[in-house]
Amino acid sequence: MIEVREITRTFAGRGGLVRRGGVRALRGVSFTIPDHGAVSLIGESGCGKTTLGRILCGLEDFDGGDLVVDGQSLAALKPAQRAPYFRRIQMIHQDPYSALNPTRTIGQILADPLGLRARQLGKGGGWLADRRAELLGLVGLDPDYVLPRYPHMLSGGMRQRVVIARALTVDPEVLVADEAVSMIDVSLRLGILQLLRDLRDEVGVAVLFITHDVATARYIGDGGRLHVIYRGTVIEQGSTDTIIQHPVHPYTQCLLSAIPVLRGIESPAPARLAPTAPLDDRQEPPGCLFEPRCPLAAPECAQRQPPLSQLGGTAQEHACLFPKARPVVAVPAGLAAGQGD
Amino acid sequence: MTRITRFSRAAGPAGQTGRAGGPAGTAVAAGRAAAPEREGQLAGAAAVQVQDLTVAFSTPAGLLPAVSHVSLDLARGQITGLVGESGSGKSTLALTLLNAVPQPGQVTSGSVHIDGVGDVLGLHGPALRRARGARIGYVFQASQNSLNPLKQVGKQLLDLGRSHGERDLRGLLSKARRLLDDMGMDAERVLASFQHELSGGMRQRVGIVFALVLNAHVLILDEPTTALDMLTQASVMEIVRKVHAEHHLTTLIISHDVGVIGDLAHRMAVMYAGRIVEEGPTEAVLAGPRHPYTRGLLAAMPRITGDAGLATPLPGRPPDLASIPRQGCVFRDRCPLAMPECEQAEPPVTVTSDGRQFACYAAAGDAA
């Protein structure tokens, strides 16, 4: 189990051309990734979701807060001592075209981390080759076909499976999938999502799924939790199904409204919302961070920042002074026949 | 062929020669028998007519077609969506509408008639350059890469005007300002910006301004929302909808994302391995896909509605240029309905009375 506690991260300003002050990428984010759970982070570009994923993998430092891996606080450890804990959290990169070394065969790509693992575990002999074939089988690839080939000889979907197999070589507890299907051909996307779902059951690995496309978060399995991130804070969280069906924060409602509606099989929801302005992270509003863009902002919203609070006795939490469920998600055409359009 | 008076010097002879009016692919062309032959007689239905187009790339393995005997009409005033996966030939098809097929590609058959231009494939040199931009606006994929990083947007706009012999540069600038305002941007700031100072969504909008500022009446957008997040995608889609209506455009949107096409397009065409395998009104295609590839694509699409457990991945993988079958149906290896005749010859295009087309033996059997 991994606990993220009030993690903060500020990037220093570069001065001059772009901006002077620092960018507060994360302002205190907390959540838990349970063993073989599915946790999704959603938000627009620049909301801090990728930074969070990188911090979890040890690719980025955090300024404040703590990361607790199986009871061990990483803030209490020196950076050099953290490595064994970060082994348990592995990243699946967005772009399978640049994540694999083009000059090495898939067999070599997998042998490197497996060799390290074999030494750690004290394995020898044929273990490496067996494990390599086993991992490729697990991700749905034929070892005989894939092992001697170079990355460019494989399709995007197969490459992404190799990337997942490589992440699994070190027996991680959590896979961090940052936009892991956005570069994959549409007909192969669902296969990768279902692979992540199946790995939860078969290997017992947890998945942290980072995306701007809320729809894909539904496909990584049951019991998923969803955290909506806006400018480095969680503004709504709950079970994936609940948040998609009954979002109460206007930002979540904007995100869900933005999903294209398929003519002929879906009808647009009656209460679609859109932000009134694009994201401007140079201004620091005194009240709610979303207030300057919120289509429903009230005068009070500019006064104080609403804390994350529970929605009337449910497990759903939100950071809005005026939470209200609104129908923003498209409905299947058959069900909406009565509403007219 | 009607003379295009404005570009007559170059367009005249070139328009007549250099094109092999291919008799090949009659099966596909058969469905188009009613299409008028002369652009001067166009009845007003199609602003762009692609007929029996084949674009082949010369590779060490020989001449391989990326687009094979494609016929497609872009109905005037409508948004047509072209859906396809990577390698399906959709970008090659779109570039052919500009007569800009990259080397080592070559058009080996077919024609592209555009209102007021004629057969684009017959144009060369200055005439072609004037048709591009002034008649056909093209918004490139990854618009950040199509802007000059060393020049302010406004200066690039003036370059565009000059290269098209525009005398009234002041008028051009004020037109651009108006377009930028309409898209909800601070026009002065954008014109004075370098491309790295603009966000992805803003660059995409600048791309649309560049495509429209010379009064193009045909707008082609290649993957306009790829690499944008959901909120930016929604705002770009809204802008496309708006400029399409306000400028009375004929629009072609190319995307791998069925969602974008399904939301925006009036008609949609599905492309696979260089062929258009299905085409029809968007609602009808999405509600009742005929071709097994379209069906598979819809079933494999992560969606926000419906039962997530019912989604099924499409088996196999999309072919690349070298692995497209040379004979028979190009989809048969991934097709759940494959029959013996699918091995023999490419299925002909079936045209139904409700304005739909598809190329599949099994679906043709169902429809009969």
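Tutor: Two residues are in contact if their C-beta atoms, placed from the backbone, lie within 7 Å. Keep that handy, and remember that this is a predicted model.

Student: How do you know that chain B is in contact with chain A?

Tutor: Put that cut-off to work: 36 residues of chain B are in contact with 39 residues of chain A. On chain B, α9 (230–246), α10 (258–264), α11 (282–287) and α12 (292–299) each supply at least two residues of the side that touches chain A. That side divides into 18 nonpolar, 11 polar and 7 charged residues.

Student: What makes β2 (23–33) and β5 (72–73) of chain A stand at the edges?

Tutor: In chain A, 4 strands form an open sheet with antiparallel pairing, in the order β2-β1-β4-β5. β2 and β5 of chain A each have a single partner strand, so one side of each is left without a neighbour in the sheet.

Student: How do you know that strand β1 (residues 2–11) of chain A and β2(A) pair?

Tutor: Two strands pair if DSSP finds at least two bridges between them. β1 and β2 of chain A have 8 bridges, in the antiparallel sense, so they count as a pair. For example, A:Arg9 has A:Leu26 in β2(A) as its bridge partner.

Student: And why are β6(B) and strand β7 (residues 218–222) of chain B called a pair?

Tutor: Go by the cut-off of at least two bridges. 4 bridges join β6(B) to β7 of chain B, so they pair, and they run parallel. B:Ile136 stands opposite B:Val218 in β7(B).

Student: What makes both faces of strand β6 (residues 136–139) of chain B covered?

Tutor: B:Ile136 and B:Tyr138 on one side, and B:Gly137 and B:Val139 on the other, are all buried.

Definitions and conventions
Residues numbered from 1 in each chain as written. Chains lettered and ligands numbered in written order. Predicted model: local features only at pLDDT ≥ 70, side-chain atom pairs only at ≥ 80, totals over all residues. Nonpolar A, V, L, I, M, F, W, Y, C, P; charged D, E, K, R; others polar. Buried ≥ 20, exposed ≤ 12 C-beta atoms within 10 Å, placed from the backbone.
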